[in-house]
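Biologist: Please take me through a close look at one part of this model, starting from a single residue and working outwards. Keep it brisk, and give me the cut-offs as you go.

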Amino acid sequence: MNIYDFKVTTIEGQQTSLADYQGKVIIIVNTASKCGFTPQYEELQTLYNTYADRGLVILGFPSNQFAEQEPGSNTEVQNFCRLNYGVSFPLFEKTEVRGKNAHPLFVYLTEQAPFKGFDSKHPIAGKLQEVLQEKFPELLEGDSVKWNFTKFLINRQGEVAGRYEPTTSPLAMKADIEKLL
């Protein structure tokens, strides 16, 4: 099994298969428009602009599961991303990425790449850990996605090559991306 076995729905409502991205290096990321990490859209777009011609694609999956930081409709999310961050990489419909209704893709991703902690050097890492412990302790259990902007790097064979928590800047992934390209 690999990610090509999963079907997803685009932000415009079209059912598609991740097999459409076969042979590409992929970043799959859960996103939100009203999050402290939302500016990562800019860095994700920079990566896309830099490496798309070499085979990188970024797939954004908005989710409203973390403090309701993605309350808008799919159309509102798409407009926000394009207008504020110039996002041109593919976006998908709002998706549950953890819990009993998690999309099977995210269940698979977290099984393949377990949670290993937040980057302690990130200025928000301590605060994020503290907020999760105080307000959302259930999010710290297991290996599921912990917050918005968790990124999964996928190699050209559709296998998970790495997991990067929200406290890892997308640009910090460059060396790992280049190895796969």
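Modeller: Thr9 is in contact with Gln14, Gln15, Phe92 and Glu93, once neighbours within four places in sequence are set aside. Contact here means heavy atoms within 4.5 Å. This is a predicted model, so local features need pLDDT of at least 70 and side-chain atom pairs count only at pLDDT 80 or more, while totals for chains, interfaces and linings use all residues. Residues are numbered from 1 along each chain as its sequence is written, and side-chain values use heavy atoms, with hydrogens and water left out.

Thr9 sits in strand 1. Strands (E, at least two residues) and helices (H or I, at least four) are DSSP runs, numbered from the N terminus. With a relative accessibility of 16%, Thr9 counts as buried. The scale is simple: buried is under 20% relative accessible area, exposed is over 50%, and partly exposed is in between, using a 1.4 Å probe and protein chains only.

Strand 1 (7-9) is also one of the elements packed against by the buried residues of helix 3. Those residues are Leu105, Phe106, Tyr108, Leu109 and Thr110. They pack against strand 3, strand 4, strand 5 (151-154) and strand 6 (160-164) as well.

Now strand 3. Seven of its seven residues are buried. Val25, Ile27, Val29 and Thr31 point one way. Ile26, Ile28 and Asn30 point the other way. Strand 3 pairs with strand 4 in the parallel sense, over seven bridges. DSSP must find at least two bridges between two strands for them to pair. At one position, Thr31 stands opposite Pro62 of strand 4.

Thr31 and Pro62 both touch Glu70. That residue lies in the loop between strand 4 (56-62) and helix 2 (74-85). Beyond four places in sequence, the other residues touching Glu70 include Ala32, Ser33, Tyr41, Val77 and Lys94. Glu70 is buried but has no salt bridge. A salt bridge needs a side-chain nitrogen of Lys or Arg within 4 Å of a carboxyl oxygen of Asp or Glu. The nearest side chain of opposite charge to Glu70 is Lys94, at 5.8 Å. For charge, Lys and Arg count as positive, Asp and Glu as negative, and His and the chain ends are not counted.

After strand 3 comes a loop. Cys35 lies there, between strand 3 (25-31) and helix 1 (40-51). UniProt, in an unreviewed entry, lists Cys35 under "active site". UniProt positions follow the numbering used here, feature names are shortened, and annotations may be inferred rather than shown by experiment. Cys35 is buried, at 10% relative accessible area. Its contacts beyond four places in sequence are Gln69, Trp147 and Asn148.

What is the count of disulfides in the whole structure? Zero. A disulfide is a pair of cysteine sulfur atoms within 2.5 Å. Cys35 forms no such bond because the closest cysteine sulfur, in Cys81, is 12 Å away. Cys81 is buried too, at 0% relative accessibility.

Phe37 shares this stretch, in the loop between strand 3 and helix 1. Phe37 is buried, at 5%. Its contacts, apart from neighbours within four places, are His122, Ile124, Leu128, Trp147, Asn148, Phe149, Pro166 and Thr167. Phe37 and Trp147 are 110 residues apart along the chain, yet their C-alpha atoms are separated by 9.5 Å.

Asp53 gives a contrast. It is in the loop between helix 1 and strand 4, and it is exposed, at 69%. Asp53 and Asp143 are 90 residues apart along the chain, and their C-alpha atoms are separated by 33 Å.

Last, the charged pairs. The whole structure holds three salt bridges. Side chains of opposite charge can pair when their charged atoms come close. Glu165 meets Arg163 at 2.6 Å, N to O. Glu165 is buried, at 5%, and Arg163 is buried, at 14%. Lys127 bridges to Glu130, with the closest N and O atoms 3.6 Å apart. Those two lie three residues apart in helix 4 (residues 125-135), so about one helical turn separates them. Lys127 is partly exposed, at 49%, as is Glu130, at 36%. Asp176 and Lys179 meet at 3.8 Å, N to O. They too are three residues apart, in helix 5 (residues 174-180), or about one helical turn. Asp176 is partly exposed, at 27%, whereas Lys179 is exposed, at 67%.
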